[in-house]
Amino acid sequence: MDGVKLHGFWASPYSSRVIWALKLKGIPFDYIEEDLSNKSALLLQYNPVHKKIPVLVHGSRPVCESMVIVEYLEETWPQYPLVPSDPHERAVVRFWVKFIDEKSLNVWTVYRSVGEEQEKAVRDSVEMLSILEQHGPNRGKKFFGGDDINIVDIAFGAVAHWVGTIEEVSGRKLFDAGKFPRLNAWMANFESSPMIAENLPDQEKLREIFARLREKRLSSSTYK
């Protein structure tokens, strides 16, 4: 088997998505930590369009974008399937992955902004959580994937573990456990799953780096 390498950044939820998928599937890989302020020549070579992490390199072939990488892993390594075999069920989970990827951008806007822009992002983020609470797949099951973690869990996990950090550094409340009991139970199940729990970035370190990055962003001319 050709070697697998992952270029990532420890605090990135998008890197974590790929790490979780690799770990769940039991795929050996080498991890390369990138300095995002001084990106490696290999990263720029492998992802010349966006110049971003994560980048998976299988042999000499790079694959970019977190959920595209997860789909690639799914198609290349069949063990521990993350996508259902049934065509309709597969379409449903891809719908929810797309929904999460599009709507979760508001969560990151809460972190990056202030004022009316932030207010709108808070409303839109809470609306996303409400929709997932009411209509997310596999109601009553342990995970969105049912009894096992699937691609929807991986997609939303990259939002859920970071929400508390975003709330702390932005001073805005997004997640109310009483209002979202299903999502709260899901989060406890997801983060206590061994392969996930062993590969979650430390919350205290996340708060430190995100607070520093937010302060730097808000001190720029964009918000003056």
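**View 1. Polar contacts and salt bridges between domain 1 and domain 2 in the predicted model.** Between domain 1 and domain 2 there are 5 residue pairs in polar contact, both residues of each pair at pLDDT 80 or more. The elements that give two or more residues to the domain 1 side of this contact are helix H1 (13-25) and helix H3 (66-76). H1 gives the largest share of that side, 9 residues. By type, the domain 1 side holds 11 nonpolar, 2 polar and 3 charged residues. Salt bridges between the two domains number 2.

**View 2. The salt bridge of arginine 94 and glutamate 71.** The side chains of these two residues meet with an N to O distance of 2.9 Å. The cut-off for a salt bridge is 4 Å, so this pair qualifies. Where do the partners sit? Glutamate 71 falls within helix H3 (66-76). Domain 1 covers 4-76 and domain 2 covers 87-222, which places arginine 94 in domain 2.

**View 3. The two domains and the area between them.** The protein divides into domain 1 (4-76) and domain 2 (87-222). Their centres, taken over C-alpha atoms, are 21 Å apart. Domain 1 brings 16 residues to the contact, and domain 2 brings 23. About 1,700 Å² is buried between the domains. Carbon and sulfur atoms give 72% of that area. Which three residues of domain 1 supply more of its buried area than any other three? They are Trp10, Arg17 and Trp20, with 38% of the area that domain 1 buries against domain 2.

**View 4. The loop between helix H2 (41-46) and strand S3 (55-58).** Two backbone features mark this loop. Proline 54 is found here. The peptide bond that leads into proline 54 from isoleucine 53 is cis, with omega near 0 degrees. Lysine 51 lies in the loop between H2 and S3 as well. What is the sign of phi at lysine 51, positive or negative? Phi is positive, near 55 degrees, in a residue other than glycine.

**View 5. Residues 2-81, annotated in UniProt.** An unreviewed UniProt entry lists this range as "domain: GST N-terminal". How much of the chain over residues 2-81 is helix, and how much is strand? Helix makes up 38% and strand 21%. The end C-alpha atoms of the range are 20 Å apart.

Note on methods:
Residues numbered from 1 in each chain as written. Predicted model: local features only at pLDDT ≥ 70, side-chain atom pairs only at ≥ 80, totals over all residues. Heavy atoms only, no water. Domains from an automatic or database assignment. Contact = heavy atoms within 4.5 Å. Buried area = accessible area lost by both parts, 1.4 Å probe. Polar contact = N/O pair within 3.5 Å; in protein donor to acceptor, adjacent residues only side chain to side chain. Helix = DSSP H or I, 4+ residues; strand = E, 2+ residues; numbered from the N terminus. Nonpolar A, V, L, I, M, F, W, Y, C, P; charged D, E, K, R; others polar. UniProt positions renumbered as here; feature names shortened; annotations may be inferred.
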